[in-house]
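This briefing presents a predicted model of a protein chain for a first-year reader. Please keep the sequence and the structure in view while reading the points that follow.

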Amino acid sequence: MNRMMLNIWRNRPGGPSNSSAFMRVLESPRYSYEQKQMVVEAFNEWDILNNTWFEVADSLPAIEDLFEDKKFAARNAAALLASKVYFCLEQYEKAMDWALHADEEFCLNPKPPLPVIGNKDEEYVNKMVEEALDSYKALHANGEENEPDQRLAKFINRIFDRHIQSGQLNYVLALAIETKRLDKIEAAITASSDPAAMMHVTMTTVVEGLFNPTFRSHVLFLLVILYQKRFATPDYLSIIHCFIRLNQPRDCADLLLKLAEDPETELLAYQIAFDLHENASHHFNTVVLDRLTPSDPWEANESIAPKLEPEEPTNLSSPHSEDSDAIDESVPNVEVDEKKPEVLEKSEAAGNQGNVTAPLVRIRSIISGLETTRNHMHFLIKNNHTDMLILKEMKDSVRTATSHNATLIANGLMHLGTTCDDFLRDNLDWISKATNWNKFNAVASLGLIHRGHEESAKKLLDPYLPKSTEGSDLYGYKEGGALFAYGLMHANRVVDDVIQYLKGHISHGMTAPIRHGACLGLGVAAMQTHNYDAYTVLHDALRQDETITGEAAGVAMGLVMAGSLNDRLCREMYRTIDETRHDKIQRGLRTGVALLAAGRQDDCEPYVADLINAKRNPVLRGAGVNMLAMAYVGTGNPSVVARLLDKVATDPNNDVKRFAATALGFVLCK
């Protein structure tokens, strides 16, 4: 057996066929290793193997034995031949395993297509790469930290290196993120001619994608390091966004302090403060503010931005005000100076805050929302284009208490933050027809209309706030609505005086509607602050086992602790759902429990599993469905969507089905 005979057989008319003689060379011990190597190398060419693979398959044991023989010099070539035969047999897992044995003999760059058989080598290489990547991804998806097969890791590294050398960095980045390879993410960014764009793509992908929270945190930490060392001037805005996602408020505050100290980066510190107010949670910003606060209590400098002083409330009497239970027809007439406020105007008083510098005073004012709220309100006042004819048509078509209530709420939403209460003042006799909870909502709508008008909140609501006088509403619907409105006017802001005021009315409110309004007001005023004192007051109100107060307290508890996913609070709340027999309290706590999981994604799964499998209690199952909606809101997670669709189809309770259908909208929204 020599190479000339092999070439003659290879080039015969019609192509090579009947390879049994050459297979005997591989099987027989009479032939030398050099002759066996010659046959193995020849059959590794697709122009031979493509016509004879079904015959070579019968000799696979002999080929595998050659690989196991330490004396055989072409062991890797034998492994490659075995891999190709298994590929032809469509046994792709075995083909990939033998390709890993082939090591460097397996070439990632396919050979050029042949005239007769075409791109056979390209098909083989692509299939082996696909199988290797799928296996590697599966290992990481199962959470295995240690790589069990070093051959596979080496093969994957060769794939990465090949694409980095060819400049296909976007593919490398996508593959590195998918396979959770931090070192290759860094390599792709480092090799890029535009690292800023690559890092932006990386951040967007890991933040918006469906990744394990631990891996997401590792990538964001890596980006923080790269943002600092890859640029002459660090990209502080991107670093801050990473800190927000990593929930690192102290590091964020330290960076702000550093930037505020340098006049050249002072404006950048202000921009970061605005970004924090817009993008970070209340709890995050509260920690940042505490870090920026000196030992002496800080009070907002009133000269940083102008106050918006309203005129004295004007009582507009209605000709039909004989009903003692009707709403007090005195809607405050507020004129707001629409002059553009000079945000961040320097003042001498700002520099006299002890060891608090003027930039820090301004930064605190921005993060707390003072500047944004005032400017936002001025913008809404100047750009109020509400079509009053729509409200008039709605009012004229009202025939029931429900539509009356809906019209009042629509007015509040249409005039949100504009301070325009013309509809209320022009229709006092119509509004006076509101009774009970419609009366509550009518007054509460003032909180929407005057949202952000904080300096004069009590003056605006003074005709309705609870008083110990004989003029108070007998049942407290007006007073309760006013307390809710007071909280709405301070929503998205954390003001200690407001929180203390509402806590006092929860503890000492004379009627259930008053306590109901105070609970809701406290919920929106202290939303996502994780204020445990406020939670305790609300929990005490819940324990009174009074339905009207308990329903509002359950919702407010979730608002205050939104996103905390505190284990003790979660189990405490859904234990109360299971024990109480009041439907209203169950409904409130069902919403409250869901809010605790807001944005927490995979972290909520142990709690969801307990709730959604509560076969004997549909309220708990509904709470579990709502928790899924809040935890995965806006993610579009396909596995969550499948679970919700299953609930829609199979749950025996109509309420749970309705919640599951609604939850689909939350998960799939963008």
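Helix α5 is covered by several other helices: what lies over its buried residues includes α2 (20-27), α3 (33-43), α4 (46-56), α6 (75-88) and α7 (92-102). The helix itself spans residues 60-68, and its buried residues are L60, A62, I63, E64, L66 and F67. The points below continue from this region to other parts of the predicted model.

**A buried lysine in α3**

- Helix α3 contains K36.
- K36 has a relative accessible area of 8%, which lies under the 20% limit, and therefore counts as buried.
- Leaving aside residues up to four places away in sequence, K36 is in contact with V25, L26, S28, P29, Y31, L66 and F72.
- One of these contacts, L66, is also among the buried residues of α5.
- K36 and V25 are eleven residues apart along the chain, and 6.3 Å separates their C-alpha atoms.

**Aromatic pairs**

- The structure contains 17 aromatic pairs.
- In one of them, W46 and F87 meet edge-to-face, with 6.2 Å from centre to centre and 75 degrees between the planes.
- This pair links distant parts of the chain, since W46 belongs to helix α4 and F87 to helix α6, 41 residues apart.
- W46 is buried at 4% relative accessibility, and F87 is buried as well, with a relative accessible area of 8%.
- A single aromatic cluster is formed by W46, F87, Y92, F106, Y124 and F155.

**Helix α21**

- Helix α21 covers residues 401-414, which makes 14 residues.
- From its first C-alpha to its last, α21 reaches 20 Å, close to the 20 Å expected at 1.5 Å a residue.
- Which residues of α21 are buried? They are H404, N405, T407, L408, A410, N411 and G412.
- These buried residues pack against four helices, namely α20 (388-396), α22 (422-426), α23 (428-431) and α24 (436-449).

**Salt bridges**

- Side chains of opposite charge can pair when their charged atoms come close.
- The count for this structure comes to 26 salt bridges.
- D103 and K154 form a salt bridge through their side chains, at 3.2 Å from N to O.
- D103 lies in the loop between α7 and α8 (120-141), while K154 lies in helix α9 (residues 150-165), so the pair ties together parts that are 51 residues apart in sequence.
- D103 is partly exposed, with a relative accessible area of 28%, and K154 is partly exposed at 37% relative accessibility.
- E266 and R362 form another salt bridge, in which the closest N and O atoms are 3.8 Å apart.
- This pair links distant parts of the chain, with E266 in helix α16 (residues 266-279) and R362 in helix α18 (residues 358-367), 96 residues apart.
- Are E266 and R362 buried or exposed? E266 is buried at 15% relative accessibility, and R362 is buried with a relative accessible area of 3%.
- A salt bridge also joins the side chains of E605 and R643, at 3.0 Å from N to O.
- E605 in helix α33 (residues 605-612) and R643 in helix α35 (residues 638-650) are 38 residues apart, and the pair links distant parts of the chain.
- E605 is partly exposed, with a relative accessible area of 22%, and R643 is partly exposed at 31% relative accessibility.
- K127, E130 and E131 are joined into one network by salt bridges that share partners.

**Cysteines**

- A disulfide is a covalent bond between the sulfur atoms of two cysteines.
- How many disulfides does a search of the whole structure find? The search finds zero disulfides.
- C604 is in no disulfide, because its nearest cysteine sulfur, that of C570, is 9.3 Å away, whereas a disulfide requires sulfur atoms within 2.5 Å.
- C604 is buried, at 0% relative accessibility.
- C252 also counts as buried, at 0% relative accessibility.

**The chain as a whole**

- The secondary structure of the chain consists of 36 helices and zero strands.
- The chain has 670 residues, of which 51% count as buried.
- Among contacts between residues at least 6 apart in sequence, 70% join residues at least 24 apart.
- The chain exposes about 31700 Å², and carbon and sulfur atoms supply 50% of this area.

Conventions. Residues are numbered from 1 along each chain as its sequence is written. This is a predicted model: local features need pLDDT of at least 70, side-chain atom pairs count only at pLDDT 80 or more; totals for chains, interfaces and linings use all residues. Side-chain values use heavy atoms; hydrogens and water are left out. Helices (H or I, at least four residues) and strands (E, at least two) are DSSP runs, numbered from the N terminus. The expected span of a helix is 1.5 Å times one less than its number of residues. Buried means under 20% relative accessible area, exposed over 50%, partly exposed in between (1.4 Å probe, protein chains only). Contact means heavy atoms within 4.5 Å. A salt bridge is a side-chain nitrogen of Lys or Arg within 4 Å of a carboxyl oxygen of Asp or Glu. Accessible areas come from the Shrake-Rupley method with a 1.4 Å probe; for residues, only the protein chains shown count as cover. Rings of Phe, Tyr and Trp (its six-membered ring) pair if their centres lie within 6.5 Å; planes under 30 degrees apart count as stacked, over 60 as edge-to-face and the rest as tilted.
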